[in-house]
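Reader: I have a protein open on my screen and I'm not sure how to read it. Could you go through it with me?

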Amino acid sequence: MGNCYTSAAVKSPAEIAPETVKPLPVVKLYGPQNSFATTHIRLAILYKPVTLHFVPSEIHQNPTIIYKSDVVSGSVEDILQYLDSKFPDPPVAVTNATPSNIWGWCGEATPMVVWVVALQHRSINWHLDRMVKWAEDLQARRGKAKGDPSMGSPRMEMKKFARSYSHLLQVMLEHAQMEETVLFQILESADRGLCKSANEEHGSHLPIMNGIKEQIKTIGVMNPGSPEYQETLAYLLSRLKVLRDKCKTHFDKEEKELLPLMEATELNKPQQEKVLKQALEAMHETHSNLFRFFVDGLRPHDAMHYFDLVKRHCDNARVSLMLHMMVE
């Protein structure tokens, strides 16, 4: 997922010669087309090194997988565990044991909203790093086309760059607003002033984020390869690096100093579910039109873990939209 920015190396005749490509194993999936369970499994299979043949079927009330002579029918969890047993890398089944190994301090008492916040940090970090690498590649090419038909001309590529940053900016703004209106409110009610530094850092990041957006607009109308273009692109790259580094430091600090304290708030189960629902609803665009963009920044297991949280606490209409955007 995302863009690759590696230069093409000169190949020997032996390397250029056609190679026999081993076909991927075929997995058949039968189930109701509009079923959450069926679509959840389709989403998981996207991450597996297999070819999926999906056959919509109202006859199969439960999703059914056929692989070679195996026929497996049951819950989403049963089928994901079966897929992991046959195709271990990458794992997609969400288990109770796995998450506790992610940040060390997490455990069964960790409120669910903590997982949401930390996984959002991962996605944002990935996308920021991707934007930096993309800008570095643009600068190295000095206004020349990438040579990738999907990118088009230099101006067309810059429009794609601008759209990608616009998506990231929206996710970051919603994430910060969610923290301030949901997470920080809980922590502040327990210890006033606890989130003062984090709130101030949010404020200091905003001018940088908006400045980058305006810089991208300026580059979009410049002559690719001109001295002014190169100079402005170099400045844009430096600002992207600043934003990336500041966000990484900010997220690391939150995960070490603030998120662990959520356990001390002693939210009961209904309260945890209410807080998680509020957090998810506060990020409307992220969990609708931008969901595929957001998930692109997560590793397969993290993506499935995140979706598992979302589908249990978002309304059915929104979950259906997110699934449609991922698998269709």
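**Two helix pairs and what surrounds them**

Author: Let us begin with a helix pair: the axes of α2 and α10 come within 11 Å and cross at roughly 165 degrees. Axes here are lines fitted to C-alpha atoms, for helices over the stretch in contact, and angles run from 0 to 180 degrees between N-to-C directions. Helices (H or I, at least four residues) and strands (E, at least two) are DSSP runs, numbered from the N terminus.

Reader: So how do α2 and α10 run relative to each other?

Author: That angle makes α2 roughly antiparallel to α10, since angles under 35 degrees count as roughly parallel, over 145 as roughly antiparallel, 65 to 115 as roughly perpendicular and the rest as oblique. The crossing of α2 and α10 is right-handed; a crossing has that name if the near helix is turned clockwise from the far one by less than a right angle, and is left-handed if anticlockwise.

Reader: Which residues make the contact?

Author: On α2 they are H40, L43 and A44, and on α10 they are M304, F307, D308 and K311, where contact means heavy atoms within 4.5 Å.

Reader: Before we go on, where does this model come from?

Author: This is a predicted model, in which local features need pLDDT of at least 70 and side-chain atom pairs count only at pLDDT 80 or more, while totals for chains, interfaces and linings use all residues. Residues are numbered from 1 along each chain as its sequence is written, and side-chain values use heavy atoms, with hydrogens and water left out.

Reader: And how confident is the predictor?

Author: The pLDDT, which is the predictor's confidence in each residue from 0 to 100, averages 87 for the protein, and 89% of the residues score at least 70. Over residues 1-17, however, the pLDDT is below 50, and this stretch has 16 contacts in the model beyond near neighbours in sequence. Residues 97-101 also have a pLDDT below 50, with 5 such contacts.

Reader: What about the second helix pair, α5 and α8?

Author: Helix α5 (residues 154-190) packs with helix α8 (residues 269-281) at an angle of about 160 degrees, and their axes are 9 Å apart. The two are therefore roughly antiparallel to each other, and their crossing is left-handed. M178, V182 and I186 in α5 meet V275, Q278 and A279 in α8.

Reader: Is Q272 in α8 buried or exposed?

Author: Q272 counts as buried because its relative accessibility is 10%; buried means under 20% relative accessible area, exposed over 50%, and partly exposed in between (1.4 Å probe, protein chains only). Although Q272 and P111 are 161 residues apart in sequence, they are 6.0 Å apart in space, C-alpha to C-alpha.

Reader: Which residues of α3 are buried, and what do they pack against?

Author: In helix α3 (residues 76-86) the buried residues are V76, I79, L80, Y82, L83 and D84. They pack against α2 (36-45), β3 (64-67), β4 (70-73) and α10 (300-313), so α2 and α10 come up again here.

Reader: Changing topic, how many disulfides are there?

Author: The count is 0 disulfides, with a disulfide taken as a pair of cysteine sulfur atoms within 2.5 Å. As for cysteines, C195 counts as buried at 0% relative accessibility, and C247 counts as buried at 2%.

Reader: And the protein as a whole?

Author: The protein has 11 helices and 4 strands, and 45% of its 328 residues count as buried.
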